[in-house]
Amino acid sequence: MEKLIYEDHTFINLAFAEMETKNREFENCLFKNCDFSNGIFLSSKFMDCIFTNCNFSLCKLPHCQMNNVSFKDCKILGVNFSKCLDFLFEVKFEDCSLDYCSFTRKKLPKTQFIKCSMRHVDFFESDLSKSSFSETDLTNAIFNNTILKEVDFTTASNYSIDPERNTIKKAKFSLLGIEGLLHKYDIKIE
């Protein structure tokens, strides 16, 4: 990537694994089948961008801005989104593997996690107000001091949330998922 600013550009089959990209701006760009695994995006901006079928595994995003960024069918393993800038941070995930990612202390209101694998994801002290985890696997996801007001968990699975350690006012759960709220009491629901 030679230019500093890319607008309305489509990137297909980019191979940037283990490479470092600094101070770039991407606005209204589409990334398809790109590999950024083990790479670094340092102080870069992504605005109104879409990533489809991309690999971000272990990619580092220090001081990156992500505003209205969508990920679809992406492999995003072990990415620490808490290193991204808070300013205008807005993301959406559909059919993505986000296992071992961190959203520690991120403000994620109204974020859509649709049909994702989010095993061992860290939401420590995050604000997920009005977000949705539609058909998302939350096995061993960490919810601690997390704001979950009006979050939709009705079709999510395998979550364990302590109502005493999180704010869950008006959050939605299915009757089948109620066990995930009572897990710490080691009781059986039949």
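A residue counts as buried when its relative accessible area is under 20%, as exposed when that area is over 50%, and as partly exposed in between. The exercises below use this definition on a predicted model.

**Exercise 1. Decide whether Glu94 is buried, exposed or partly exposed, and describe the salt bridge that Glu94 forms with Lys72.**

Step 1. The relative accessible area of Glu94 is 23%, and Glu94 is therefore partly exposed, since the class between buried and exposed begins where the buried limit of 20% ends.

Step 2. The partner is treated in the same manner: Lys72 has a relative accessible area of 34%, so Lys72 is partly exposed.

Step 3. The side chains of Lys72 and Glu94 meet in a salt bridge, with 3.7 Å from N to O. This pair joins distant parts of the chain, for Lys72 belongs to strand β10 (residues 69-72) and Glu94 to strand β11 (residues 91-94), and the two are 22 residues apart. As a general matter, side chains of opposite charge can pair when their charged atoms come close.

**Exercise 2. State how many salt bridges the structure holds, and compare the accessibility of the partners in the pairs Lys22 with Glu20 and Asp137 with Arg119.**

Step 1. The count for the structure is five salt bridges, and the pair of Exercise 1, Lys72 and Glu94, is one of them.

Step 2. In the pair of Lys22 and Glu20, the closest N and O atoms are 3.8 Å apart. Lys22 is partly exposed because its relative accessibility is 41%, and Glu20 is likewise partly exposed, at 47%.

Step 3. Asp137 and Arg119 meet through their side chains in a salt bridge of 2.8 Å, N to O. Here too distant parts of the chain are linked: Asp137 sits in the loop between β13 and α1, Arg119 sits in the loop between β12 (112-114) and β13, and 18 residues separate them.

Step 4. The relative accessible area of Asp137 is 13%, so Asp137 is buried, whereas Arg119, at 37% relative accessibility, is partly exposed.

**Exercise 3. Describe the surroundings of Thr146, beginning with its place in the chain and its accessibility.**

Step 1. Thr146 is located in the loop between β13 (132-134) and α1 (179-182). Its relative accessibility is 0%, and Thr146 therefore counts as buried.

Step 2. A polar atom of the Thr146 side chain lies 2.7 Å from the backbone oxygen of Phe123, and the side chain of Thr146 also reaches the backbone nitrogen of Asn144, at 3.0 Å.

Step 3. When residues up to four places away in sequence are not counted, Thr146 touches Phe123, Phe124, Glu125, Ser126, Leu128, Arg165, Asn166 and Thr167.

**Exercise 4. For Met19 and for Ile168, find the loop that holds the residue and name its contacts beyond four places in sequence.**

Step 1. Met19 is placed in the loop between β2 (10-12) and β3 (20-22), and with a relative accessible area of 40% Met19 is partly exposed.

Step 2. Beyond its neighbours within four places in sequence, Met19 is in contact with Gly39 and Ile40. Between the C-alpha atoms of Met19 and Cys59, which are 40 residues apart along the chain, the separation is 9.6 Å.

Step 3. Ile168 is found in the loop between β13 and α1, where, with neighbours within four places in sequence left aside, Ile168 contacts Leu148, Ile161 and Pro163. From C-alpha to C-alpha, Ile168 and Ser129 are 9.1 Å apart, although 39 residues separate them in sequence.

**Exercise 5. Locate the two domains and characterise the interface between domain 1 and domain 2.**

Step 1. The domain assignment gives domain 1 as residues 1-82 and domain 2 as residues 98-189. The contact between them takes seven residues from domain 1 and eight residues from domain 2.

Step 2. About 600 Å² is buried between domain 1 and domain 2, and carbon and sulfur atoms give 60% of this area. On the side of domain 1, Ile76, Phe81 and Ser82 supply 60% of the area that it buries against domain 2, more than any other three residues.

Step 3. Between domain 1 and domain 2 there are zero salt bridges, while four residue pairs are in polar contact across the interface. By class, the side of domain 1 that touches domain 2 has four nonpolar, three polar and no charged residues.

How values were computed:
Residues are numbered from 1 along each chain as its sequence is written. This is a predicted model: local features need pLDDT of at least 70, side-chain atom pairs count only at pLDDT 80 or more; totals for chains, interfaces and linings use all residues. Side-chain values use heavy atoms; hydrogens and water are left out. Domain bounds come from an automatic or database domain assignment. Contact means heavy atoms within 4.5 Å. Buried area is the accessible area (1.4 Å probe) that two parts lose on being put together, summed over both. A salt bridge is a side-chain nitrogen of Lys or Arg within 4 Å of a carboxyl oxygen of Asp or Glu. A polar contact is a pair of N or O atoms within 3.5 Å; within protein, one must be able to donate a hydrogen and the other to accept it, and residues adjacent in sequence count only if both atoms are side-chain atoms. Ala, Val, Leu, Ile, Met, Phe, Trp, Tyr, Cys and Pro count as nonpolar, Asp, Glu, Lys and Arg as charged, and the others, Gly among them, as polar. Buried means under 20% relative accessible area, exposed over 50%, partly exposed in between (1.4 Å probe, protein chains only).
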